[in-house]
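User: I've got a model open and I'd like to learn how to read it feature by feature. Can we walk through it together?

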There are 2 protein chains.
Amino acid sequence: MSSWNGNHQRIYMNEVGPRDGLQAEAAFVPTAEKISLVNALSRTGLNKIEVTAFVSAQAIPALRDAEIVMREIERAPGVKYAALVPNARGAERAIDGHADELNLVMSASESHNLSNLRMTREQSYRSLQQVSRLADAVKIPVNISLSCAFGCPMEGDVSEETVLEWSSRFIEETGAHGVTLCDTTGMAYPGQVARLTELFARRWPGIELTLHFHNTRGMGLANVLAAIDSGASRFDASVGGIGGCPYAPGASGNVCSEEIVHALELMGYDTGVNLEALTLASTRLPSLLGHDIPSQIVKAGRRLDLHPAPPDLPAIRERAVNRERLPETRR
Amino acid sequence: MSSWNGNHQRIYMNEVGPRDGLQAEAAFVPTAEKISLVNALSRTGLNKIEVTAFVSAQAIPALRDAEIVMREIERAPGVKYAALVPNARGAERAIDGHADELNLVMSASESHNLSNLRMTREQSYRSLQQVSRLADAVKIPVNISLSCAFGCPMEGDVSEETVLEWSSRFIEETGAHGVTLCDTTGMAYPGQVARLTELFARRWPGIELTLHFHNTRGMGLANVLAAIDSGASRFDASVGGIGGCPYAPGASGNVCSEEIVHALELMGYDTGVNLEALTLASTRLPSLLGHDIPSQIVKAGRRLDLHPAPPDLPAIRERAVNRERLPETRR
């Protein structure tokens, strides 16, 4: 199987922590800290960073400083700075803020779309078509994130046909540049991911396909590997593993950026990311957020971050060897 | 890639929670509770259960009741009841207790063996040869668990040659029935697992090969899938994900039995395990142990354990649809 050995294949990491992670925080993260986090992430070699969301300050007060953050970050060459946009008003703000890409969201599940966005999927689609036209007019690429592409926590399975049909409308009618298939509540499993990724990649080889997984049931990395094996090379992940979904009790966060990079680099994939710099950025999160973070790399270190042997190891060895030199007795 | 679709391949689950998990607990788990846990696990369809360890009560007081537990459990037909045995004295006790299999442990790393067992690897090997002879005399199969087979937290990489050489001595000189390659501190990664598993499985197709992974750096399930893809079908796992290693700070527990079964069954593998019964056994652990457990399945439920839609969903839909019926205005 090829995907156990990356053989230098390029994998593109899209960091969603500053938006998807911070929007879930109960306490407001100071604007200067947000900027500083994005700046630290900018210097790690990530391909894209979803910086913030241009949503109403009433709906998501945690990101009420979207304009300032977007304006004040230092943009590193080669990094794309995206913003989530729910509607035309948000698109205008993101365009004013010189976002490199607009990320539009709707759900493949009717119940989830109604719960989360208070619209039917048809209404969301028409609204996002409007948004796309605004972006097209100023030549900013649009990505569509389809929530619940691997299952809905209220409805259960979401069919491949449904996911491909909504993808098709955005790609073929609306001209989207990229599609993200989102496992919003951690229902995706590797067999399913492999099938859907292959169907998508075969049908639209020219479209940027991104996969967005949660580690809710411990399948995050396995899903990433199944997707790579089936033709994907772009992944959303969140520094520290921060973030979650308010509509799915128990659903833990996004897959953790440094865990995915750590595993993929060991396997010989080329993520372009400096793992040490990324982990350093993550290490600051617990004190910034006031709580522990899921990152196993922050907790346990990288694979070859070694621990000192016990100081008495030479003495242990000597005693063990000396026992050998004694005449054989029943030990 | 075949391993994303299990196609009914049989996978054998070896439950190590009662030994590997409970031995790490600070507070003594009452004997009756241990017996009750093993009895609950016995009814889930697991292939093998490592019930306890016949070690000195001074060394591991948590398992000082090994004799009683081994004697009092109700043995289910078809389930193998194994015991960990460090030396000849332990083997005699396990044989008296009618263990179905003796699990012997040494480390592939000299530093880890000295730290953990206070012997050189050569000394451990000769001691375990003695133990094997005792087991052979009463026709009880012996399994060798090689710790640090994927890396040592003190030495770093452990070469494939080293692991295969110790495996060879146990298999070809000592006549071991099975070998477990243990990722004692979560250093294994999928590419490495695929290579070592393939080398082992090709060289010794008749030997029962088991893989023992920790989820320390989030790679547990991916390692299981890499091993399956390379010829393995037997895995250690721990109910609730309990257990760890005292010689590796930050090293979190064994891969979680119900997480592995949940993922493998979704993918179409046949583990023989009733996931609901296994999860029920795990659900009792937090109150039994007095602390939270790593299991994501206990926290988040299975993939299709759905959540109710918001009670006002019909009203949300009605309002959304009614907005449609109004004359088009700028919304």
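User: Let's start with contacts in chain A between residues at least 6 apart in sequence: what share of them joins residues at least 24 apart?

Analyst: Keep in mind that this is a predicted model. In chain A, 74% of those contacts join residues at least 24 apart.

User: And what is chain A built from?

Analyst: Chain A has 14 helices and 8 strands. Its C-alpha trace spans about 90 × 45 × 35 Å along the principal axes. Of its 331 residues, 60% count as buried.

User: How do I check a helix? Take α2 of chain A: what span should its 12 residues have?

Analyst: Use 1.5 Å a residue: helix α2(A), residues 31-42, should span 16 Å, and its end C-alpha atoms are 16 Å apart, which agrees.

User: Is α2(A) largely enclosed or not?

Analyst: Count the buried residues, meaning those under 20% relative accessible area. In α2(A), 9 of the 12 residues are buried, so the helix is largely enclosed by the rest of the structure. Among the buried ones are A:K34, A:I35, A:L37 and A:V38.

User: Which residues are buried in α4 of chain A, and what covers them?

Analyst: In α4(A), residues 88-96, the buried ones are A:A88, A:G90, A:A91, A:R93, A:A94 and A:I95. Their cover includes α3, β3, β4 and α6 of chain A. Just after α4(A), have a look at A:H98, which takes a positive phi of about 60°.

User: Why would I look at the sign of phi?

Analyst: Because most residues other than glycine have a negative phi. Two further cases are worth a visit. A:H8 has a positive phi of about 65° although it is not a glycine, and it sits in the segment before β1 of chain A. A:C148 has a positive phi too, near 55°, and belongs to the loop between β5 and α7 of chain A.

User: Are A:H8 and A:C148 buried or exposed?

Analyst: A:H8 is exposed, with a relative accessible area of 65%. A:C148, by contrast, is buried at 0%.

User: Next, salt bridges. How many does a search of the whole structure find?

Analyst: Over all chains, the search finds 36 salt bridges. To read one, take the closest N and O atoms of the pair, then ask where each partner lies. For B:R19 and B:E50, those atoms are 2.5 Å apart. B:R19 lies in helix α1 of chain B and B:E50 in strand β2 of chain B, so the pair ties together parts that are 31 residues apart in sequence. Both ends are buried: B:R19 at 10% relative accessibility and B:E50 at 2%.

User: What about B:E160 and B:R195: how far apart are their closest N and O atoms?

Analyst: That salt bridge has its closest N and O atoms 3.1 Å apart. The pair links distant parts of the chain, with B:E160 in α7 and B:R195 in α8 of chain B, 35 residues apart. Here the ends are partly exposed, B:E160 at 22% and B:R195 at 42%. Salt bridges can also join up: A:E122, A:R126, A:R169 and A:E173 are linked in a network.

User: Which salt bridges join A:R303 and B:R303 to a partner?

Analyst: B:R303 pairs with A:D157, the closest N and O atoms being 2.8 Å apart. A:R303 pairs with B:D157 at 2.9 Å. This second pair crosses between chains, from the loop between β5 and α7 of chain B to the loop between α13 and α14 of chain A. At 4% relative accessibility, A:R303 counts as buried.

User: How do I read the interface of chain A and chain B as a whole, beginning with its area?

Analyst: Begin with area, then go to residues and pairs. About 5300 Å² is buried between the chains, and carbon and sulfur atoms give 59% of that. A:W4, A:R217 and A:R303 supply 16% of what chain A buries against chain B, more than any other three residues. The contact takes 68 residues from chain A and 68 residues from chain B.

User: And the pairs across it, how many are there?

Analyst: The rule finds 4 salt bridges and 24 residue pairs in polar contact. Several helices of chain A each supply at least two residues of the side touching chain B, including α5, α6 and α8. The largest share, 8 residues, comes from α14(A). By class, that side has 32 nonpolar, 18 polar and 18 charged residues.

Note on methods:
Residues are numbered from 1 along each chain as its sequence is written. Chains are lettered from A and ligands numbered from 1 in the order in which they are written. This is a predicted model: local features need pLDDT of at least 70, side-chain atom pairs count only at pLDDT 80 or more; totals for chains, interfaces and linings use all residues. Side-chain values use heavy atoms; hydrogens and water are left out. Contact means heavy atoms within 4.5 Å. Buried area is the accessible area (1.4 Å probe) that two parts lose on being put together, summed over both. A salt bridge is a side-chain nitrogen of Lys or Arg within 4 Å of a carboxyl oxygen of Asp or Glu. A polar contact is a pair of N or O atoms within 3.5 Å; within protein, one must be able to donate a hydrogen and the other to accept it, and residues adjacent in sequence count only if both atoms are side-chain atoms. Helices (H or I, at least four residues) and strands (E, at least two) are DSSP runs, numbered from the N terminus. Ala, Val, Leu, Ile, Met, Phe, Trp, Tyr, Cys and Pro count as nonpolar, Asp, Glu, Lys and Arg as charged, and the others, Gly among them, as polar. The expected span of a helix is 1.5 Å times one less than its number of residues. Buried means under 20% relative accessible area, exposed over 50%, partly exposed in between (1.4 Å probe, protein chains only).
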